[in-house]
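Biologist: Please give a close account of a single part of this model, with the cut-offs behind each term, and set that part in the context of the chain.

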Amino acid sequence: MLTRTNKNYSIHVSPFRITAFLLAFLLLFVLSGNAQTNGKKNLPAWQNYKGVAIGTTAAEVREKLGAPKLDDADGFFYVFSDTETAQVMFDDKKNVSLISVVYAAEYATPPTFADVFGKTEALTAKPDGSIYKMVRYTDAGYWVSYSRMAGEKAMVTITIRKL
């Protein structure tokens, strides 16, 4: 309420109104924060390779991908064909910490940029036509990179690495 006294203006606000205003502001702030996250995580479209994701155990990798071509304490290397290979690395608990897949230029249909990132990331090709993009997905605890060499038929490498 605004009152006039001797050409000076003063505002009289009750403590109840101040408290109500602060509570309403706090409630609005909390609700807007929940609306932004809404329990959904920021995730890429390409989250695993043939069912193998960050955190998968070594035993589960063998179950999903079969026997590796090379096997050591740090990880596995797979050769699925002359045009598709994959490397899986483990952390000290023998859980997947890195997945890197290489599709040779002769591979018929390698994943596209949109297959990996969906519509969330903008595609920016270099002048020669090559593409490289790395995005951190902190909600998921890893980053994803997509690399495509120049040329109409080009080698594509996709890597997922634990942060």
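**The strands and their pairing**

Modeller: With 2 residues between them, β3 and β4 form a hairpin. The model is a predicted one, in which local features need pLDDT of at least 70 and side-chain atom pairs count only at pLDDT 80 or more, while totals for chains, interfaces and linings use all residues. Residues are numbered from 1 along each chain as its sequence is written, and side-chain values use heavy atoms, with hydrogens and water left out. Strands (E, at least two residues) and helices (H or I, at least four) are DSSP runs numbered from the N terminus, and two strands count as paired if DSSP finds at least two bridges between them.

In the hairpin just named, strand β3 covers residues 70-72 and strand β4 residues 75-81; they run antiparallel and are joined by 3 bridges. Within this pairing, L70 of β3 is set opposite F77 in β4. Strand β4 is also paired with strand β5 (residues 84-90), again in the antiparallel sense, through 6 bridges. One of the cross-strand partnerships here is that of Y78 with A86 in β5. A hairpin is formed by β4 and β5 as well, with 2 residues between the strands.

As context for the part examined next, the chain contains 3 helices and 9 strands. Their order along the sequence is β-β-α-α-β-β-β-β-α-β-β-β. Of the 163 residues, 29% are buried, where buried means a relative accessible area under 20%, exposed means over 50%, and partly exposed lies in between (1.4 Å probe, protein chains only). The chain exposes about 11000 Å², and carbon and sulfur atoms supply 57% of that area; the areas come from the Shrake-Rupley method with a 1.4 Å probe, and for residues only the protein chains shown count as cover. Among contacts with a separation of 6 or more, 41% link residues 24 or more positions apart, a contact being heavy atoms within 4.5 Å.

The part chosen for close inspection is strand β8. Because 6 of the 7 residues of β8 are buried, this strand is largely enclosed by the rest of the structure. It has paired strands to describe in turn, β7 and β9. Strand β7 (residues 131-137) runs antiparallel to β8 and is joined to it by 7 bridges. In that pairing, Y132 has S147 of β8 as its bridge partner. The hairpin of β7 and β8 has 4 residues between the strands, and G141 takes a positive phi near 85° in it. Strand β9 (residues 156-162) pairs with β8, likewise in the antiparallel sense, over 7 bridges. There, W143 is matched with R161 in β9.

S145 shows the surroundings of β8 (residues 142-148), the strand in which this residue is found. Its relative accessibility is 6%, so S145 counts as buried. Residues up to four places away in sequence being set aside, S145 touches F117, Y132, K133, M134, T157, I158 and T159. One of these contacts, T157, belongs to strand β9. T157 is buried, with a relative accessible area of 19%. Apart from neighbours within four places in sequence, T157 is in contact with S100, V101, V102, S145, Y146 and S147.

The strands beside β8 also take part in charged pairs. Side chains of opposite charge can pair when their charged atoms come close. A salt bridge is a side-chain nitrogen of Lys or Arg within 4 Å of a carboxyl oxygen of Asp or Glu, and the whole structure has 4 of them. K133 pairs with E121, the closest N and O atoms being 3.4 Å apart. Since K133 lies in strand β7 and E121 in the loop between α3 (113-117) and β7, this pair ties together parts that are 12 residues apart in sequence. K133 is partly exposed, at 24% relative accessible area, and E121 is partly exposed too, at 25%.

D91 pairs with K162, and here the closest N and O atoms are 3.4 Å apart. Because D91 lies in the loop between β5 and β6 (96-103) and K162 in strand β9, this salt bridge ties together parts that are 71 residues apart in sequence. D91 is buried, with a relative accessible area of 18%, whereas K162 is partly exposed at 39%.
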